[in-house]
Every structure is written in structure tokens, then in C-alpha cells.
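Trainee: I would like a close look at one part of this model, the largest pocket, and then at the strands around the chain. Please take it in one connected pass.

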Amino acid sequence: YGGDGGKGGSVILEADPQVYSLEAYRNRYHLQAQNGAQGGPNNRKGKNGEPLVIKIPCGTLVKDCDGNILYDVTEPKTRIEICKG
């Protein structure tokens, strides 16, 4: 019997004082973390996927689809998990 597959990676926003704009993501519509690996024989669990860390400038506002502000990222190295794997 096969084991359970691993969890997919999370998507994390991280404020970085060395990043000055979001230009690198301008034409990228799909960003995703790594998938988890399949479970192996003898009920072995699959490896979890690596998270995707997206570097953002300090002062970035994170909004939902309706335009409501969810986070105001002002402190360097602040990490926000926006999608849990």
C-alpha cells in the first residue's frame, strides 16, 4: 500500500529593504510553491514541497480582492503566509 503524499509548500511574502519595487512580478500571473511528493510504498509519507518566498518592498499594502487592506508591511523581514501549503 502507498503512503500519503507530502504537503505542498506555502506562499510567503517577506519584506526586504533591498527590494524597491514589485516590477519583477509585473507580468507574472501565476506564482506557486513546490508540490509535495507522492507517497511511497510501505506507507511511506511523501516529501513536503518547498515554500515560495516572495520578496516585497517595505511599505507594501496587501489587499484582498475587494480592495480591503489586510496588511501594511512596514518592518523589514516581516513574513506573512498568504497561502498555507
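Mentor: In this predicted model, β3 supplies the largest share of the lining of the largest pocket, namely four residues. The space in that pocket comes to about 330 Å³. Besides β3 (60-63), β2 (52-56) is an element that gives two or more residues to the lining.

The lining can be read out by residue. Thr 60, Leu 61, Val 62 and Lys 63 belong to it, as do Ile 54 and Ile 56. The remaining positions are Leu 13, Leu 22, Tyr 25, Leu 31, Leu 70 and Ile 82. By residue class, 10 of the lining residues are nonpolar, one is polar and one is charged.

Next, the pairing of β3. Its partner is β4, and the two strands run antiparallel with four bridges between them. One of the pocket residues, Thr 60, has Val 73 in β4 as its bridge partner. The hairpin of β3 and β4 has five residues between its strands, and Gly 67 in this hairpin has a positive phi near 90°.

β2, the other element named for the lining, belongs to an open sheet of three strands. The order in that sheet is β2-β1-β5, and the pairing is mixed. β2 and β5 (79-83) are the edge strands; each has a single partner strand, so one side of each has no neighbour in the sheet. From one strand to the next, the twist averages 30°. As general background, strands of a sheet pair through backbone hydrogen bonds, in either the parallel or the antiparallel sense.

Within this sheet, β1 (residues 11-15) and β5 are antiparallel and are joined by four bridges. Glu 14 is placed opposite Arg 79 of β5. The residue ranges also tie this pair of strands to the pocket: Leu 13 and Ile 82 are both in the lining, with Leu 13 falling within the range 11-15 of β1 and Ile 82 within the range 79-83 of β5.

The last item is the loop between β4 (69-73) and β5, where Lys 77 is located. Lys 77 has a phi near 70°, which is positive although the residue is not glycine. Its relative accessibility is 52%, so Lys 77 counts as exposed, the cut-off for that class being over 50%. Leu 70, a residue of the pocket lining, falls within the range 69-73 of β4, the strand at one end of this loop.

Note on methods: Residues are numbered from 1 along each chain as its sequence is written. This is a predicted model: local features need pLDDT of at least 70, side-chain atom pairs count only at pLDDT 80 or more; totals for chains, interfaces and linings use all residues. Side-chain values use heavy atoms; hydrogens and water are left out. On a 1 Å grid over the protein atoms alone, a cavity is a set of points where a 1.4 Å probe fits but cannot get out, and a pocket is an open set with protein on both sides within 12 Å along at least five of seven lines; lining residues have an atom within 4 Å of a point. Grid points are joined across faces, edges and corners, and a volume is the space filled by probe spheres set on the points. Ala, Val, Leu, Ile, Met, Phe, Trp, Tyr, Cys and Pro count as nonpolar, Asp, Glu, Lys and Arg as charged, and the others, Gly among them, as polar. Two strands pair if DSSP finds at least two bridges between them. Axes are lines fitted to C-alpha atoms, for helices over the stretch in contact, and angles run from 0 to 180 degrees between N-to-C directions. Buried means under 20% relative accessible area, exposed over 50%, partly exposed in between (1.4 Å probe, protein chains only).
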